[in-house]
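Please open the model in your viewer, colour it by secondary structure, and follow the stops below in order.

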Amino acid sequence: MNSLGIDIGGANLKVSNGRDNRIIYFPMWKKALELENKLKEVAKEFGAEKAGVVITAELADFFKSKREGIEFIANACRNAFKEVYFLDLEGRITKEIYDPMKFCASNWIASISFLLEEGYRDFLFVDMGSTTTDLIPVKDRALAGKTDFERLRRKELLYFGILRTPVFYVLRNFMDADLCPEFFAITADVFRVTGDLSEEDYNCETPDSGGKSVRECMLRLSRTVCCDLEELGEMNAKLLALKAKKAMIRILKKNISAKLTQYNLKRVLACGIGEFLIAQAFDCKKLSESYGNASKLFPAFAMLKLVEKI
C-alpha cells in the first residue's frame with residue numbers, strides 16, 4: 001500500500017512519499033471547506049491509500065476552537081484516505097483521535113521521533129518554515145513544551161519565518177524611521193530582494209495582491225517606511241532588505257545560543273525552507289545534506305517514515 005506523510009498547516013499542505021516532496025500553498029482560513037477534496041486529489045495523484053498525518057492548522061481562524069479544528073481536519077483525512085494514522089504529543093501513532101487537544105501542533109514530534117530512530121542524540125532541532133521557527137532541545141527525548149503557548153513562553157517557538165512574517169516584526173527601524181505596523185511587506189519580499197528566494201519559492205500571497213518580481217518586492221518594502229520606490233530608491237530598498245535579513249539572523253543566533261547553553265548542547269540540526277538562514281546564523285548540520293529536499297518539509301517526511309513501518 002502506497003503511503004504519504006502529510007503535515008497539514010495553517011498556510012500549507014506539506015506532502016511526501018519519500019521521492020516527491022511538495023509544499024502546496026493552502027490557506028486554511030480561506031479554504032478549509034475545500035480540504036477534503038484537495039486531499040482526495042493528493043491521494044489520487046500520488047496513488048496513496050495510506051497516510052500519516054500531523055496537524056498544525058487547528059488554530060486557523062476558520063475554526064472556533066482547536067478541538068473543532070482537529071476534528072474537522074481528521075474527518076477530512078479519513079474521507080480522503082483508506083487508512084489514516086495520526087501522531088499525538090507523546091509520540092504515539094494511532095488511528096483514533098481519542099482527545100483532540102493531544103494532537104494539536106504535533107508536527108515537530110514526528111521530526112524528533114524519526115531523528116531519534118535514526119540514532120541522533122543530544123542536539124537542538126531548528127526548523128524554520130514560512131511562518132514559524134521551532135527550537136527543540138533533545139537529549140534521549142524531546143525536552144520542549146507540549147503546547148504552542150508553552151513553547152512560546154519558553155522561546156522554543158519563534159513566531160517568525162521565511163515567507164509570511166510582516167517585515168516590521170523583525171526590523172523595527174530603518175534610517176532613523178520606525179517601520180509602520182501595517183501589512184505592507186513580508187519576509188518573502190526581503191529574501192526575494194536579497195537573492196535568497198526565487199519567484200517560485202515565494203509561494204504565498206503578496207500583501208498588496210501584486211506580483212513577486214524583485215522590483216515589486218522593493219516597492220512593498222518601501223511602503224514600510226511610508227515611501228514609494230521612487231522616493232526611497234532601489235539602493236535603500238535593497239539596504240532595508242539586507243538589514244531585515246541581518247536582524248533575523250541575530251534573532252536566530254541569540255535564541256539558538258540561549259537554548260544550547262540552557263541544555264548544555266553543542267549540536268544544531270537545521271531544516272525547513274529557512275535552513276539556509278539557520279546555517280548563516282549558526283554552525284549546524286543541514287538535514288538537506290542527508291535527506292535532500294525532504295528537509296524543506298521534514299515533519300511530513302518523518303511522518304511518512306514512521307507510518308511505513310506500520
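**Stop one: a sheet and its edge**

Begin by selecting strand 8 (residues 133-138) together with strand 9, which pair in the antiparallel sense over 2 bridges; here two strands count as paired if DSSP finds at least two bridges between them, and strands (E, at least two residues) and helices (H or I, at least four) are DSSP runs numbered from the N terminus. Within this pair, show Thr 133, which stands opposite Leu 158 in strand 9. This is a predicted model, in which local features need pLDDT of at least 70, side-chain atom pairs count only at pLDDT 80 or more, and totals for chains, interfaces and linings use all residues. Residues are numbered from 1 along each chain as its sequence is written, and side-chain values use heavy atoms, with hydrogens and water left out.

Next, widen the selection to the open sheet of 5 strands, whose order is 9-8-7-12-13 and whose pairing is mixed. Strand 9 (157-158) and strand 13 (285-286) are at its edges with a single partner strand each, so one side of each has no neighbour in the sheet.

**Stop two: the other sheet**

Now select the open sheet of 6 strands, ordered 3-2-1-4-5-6 and again with mixed pairing. Its edges are strand 3 (21-25) and strand 6 (93-94), each with a single partner strand, so one side of each is left without a neighbour in the sheet. Zoom in on strand 2 (residues 12-16), which pairs with strand 3 in the antiparallel sense over 5 bridges, and find Asn 12, whose bridge partner in strand 3 is Tyr 25.
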